[in-house]
Amino acid sequence: MLLPSFLQFLAFEKRYSHHTIAAYRRDLEQLDHFLQDLPGQPTLTTAQPIHIRQWLVQGLEQGLSARSINRKLSSCKTFYRFAEKKGALQHNPMLKVTAPKVKKKLPAYVEQKPMRYLLELMAEDDSFVGQRNRLIIELFYSTGMRRAELIGLQLKDVDLSQQTLRVLGKGNKERILSIGKDV
C-alpha cells in the first residue's frame, strides 16, 4: 500500500519528526475513512477534488479551525505529490483545492513591568534552583527562544564573548540569538 511507503519517505528522506508523521498518518487515515463512506467508495488514489473539498467542509462543520484544516491540506498535498512521483495517480486532486484563509493574530507577550516584578521576586532565591529558574525566564523573555531550543541548549552553544547563543530550532534550523549583559 502507498501510505506505509509515504510514511517511511517522511521519516527517512524528509526526516520529519515523529509527531509530524503521526499527524500526517492521522489526517490521511481520516480522509480514507471519509472516502469509504461516499458513493462508489473512492480511495486515496482515486479521490477527486470534490471529495477532498467535502472532507474539508465536514471538518469545518465539526468545528475545526482554518489552521487545522490547512494542516490537513498540507498532509494531503505532500501525500499526493509523493503519489504522483511514484506513478500511483492519474491526476493530483489537490491542484484544484484551495485553503481557507487563516486569521493572523498578534503574538502574546508579557509587559515589561510585570516581568521586572517577577524577576525581582525570583532574585530573592539565591539557591541554585532559584537562579537557574530565573535564568530560564530571562532567556525566554529576552531572546524569544522556544522551549525545545532551551532544552537542547548545551554549554558549547553559549558564546559569552559575543553574547550569543546558537540554538537548533524547528526543522533542525540553526539560529543565533543575542543575549544581553544582564542575562
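In this predicted model, Arg71 and Asp27 form a salt bridge, with the closest N and O atoms 2.5 Å apart. The pair links distant parts of the chain. Arg71 belongs to helix H4 and Asp27 to helix H2, and 44 residues separate them. The two partners differ in exposure. Asp27 has a relative accessibility of 1% and therefore counts as buried, as the cut-off for that class is under 20%. Arg71 is partly exposed, at a relative accessible area of 35%.

A search of the whole structure gives seven salt bridges. One of them joins the side chains of Arg134 and Glu138, at 3.1 Å from N to O. Both residues sit in helix H6, four residues apart, so about one helical turn separates them. Arg134 is partly exposed, with 22% relative accessibility. Glu138 is buried, with a relative accessible area of 13%. The side chains of Asp157 and Arg166 also meet in a salt bridge, with an N to O distance of 3.4 Å. Here Asp157 is the buried partner, at a relative accessible area of 12%. Arg166 counts as partly exposed, at 32% relative accessibility. Salt bridges with shared partners also create a network, which joins Asp27, Arg71 and Lys72.

The nonpolar interior was examined next. The largest nonpolar core holds 28 residues. Within this core, Phe6, Leu31, Ile52 and Tyr80 have the most contacts. Four helices each give two or more residues to the core: H1 (2-13), H2 (18-36), H3 (49-61) and H4 (66-85). Helix H4 supplies the largest share, seven residues. In soluble globular proteins, nonpolar side chains tend to be buried together.

Charge also gathers on the surface. Glu120, Glu124, Asp125 and Asp126 form a negative surface patch. Of these patch members, Glu120 is found in helix H5, which covers residues 112-123. Glu120 is exposed, with a relative accessible area of 52%, because the exposed class begins over 50%.

Backbone geometry was considered as well. Most residues other than glycine have a negative phi. Gln41 has a positive phi, near 40°, although Gln41 is not glycine. Gln41 lies in the loop between H2 and H3. At 54% relative accessibility, Gln41 counts as exposed. Gln163 likewise has a positive phi, near 55°, and is a residue other than glycine. The loop that holds Gln163 runs between strand E1 (158-159) and strand E2 (164-168). Gln163 is partly exposed, with a relative accessible area of 29%.

A long separation completes the survey. The C-alpha atoms of Asn133 and Thr43 are separated by 52 Å. Along the chain, Asn133 and Thr43 are 90 residues apart. Asn133 lies in helix H6, which spans residues 128-143. The relative accessible area of Asn133 is 27%, so Asn133 is partly exposed.

Methods
Residues numbered from 1 in each chain as written. Predicted model: local features only at pLDDT ≥ 70, side-chain atom pairs only at ≥ 80, totals over all residues. Heavy atoms only, no water. Patch = residues over 30% accessible without salt bridge, like charges linked within 9 Å, V, L, I, M, F, W, Y side chains within 5 Å. Areas by Shrake-Rupley, 256 points an atom, 1.4 Å probe, with all protein chains shown as cover. Salt bridge = Lys/Arg side-chain N within 4 Å of Asp/Glu carboxyl O. Lys, Arg positive; Asp, Glu negative; His and termini not counted. Charge placed at Lys NZ, Arg CZ, Asp CG, Glu CD. Buried < 20%, exposed > 50% of the residue type's maximum accessible area, 1.4 Å probe, protein only. Core = buried A, V, L, I, M, F, W, Y, C linked by side-chain atoms within 4.5 Å.
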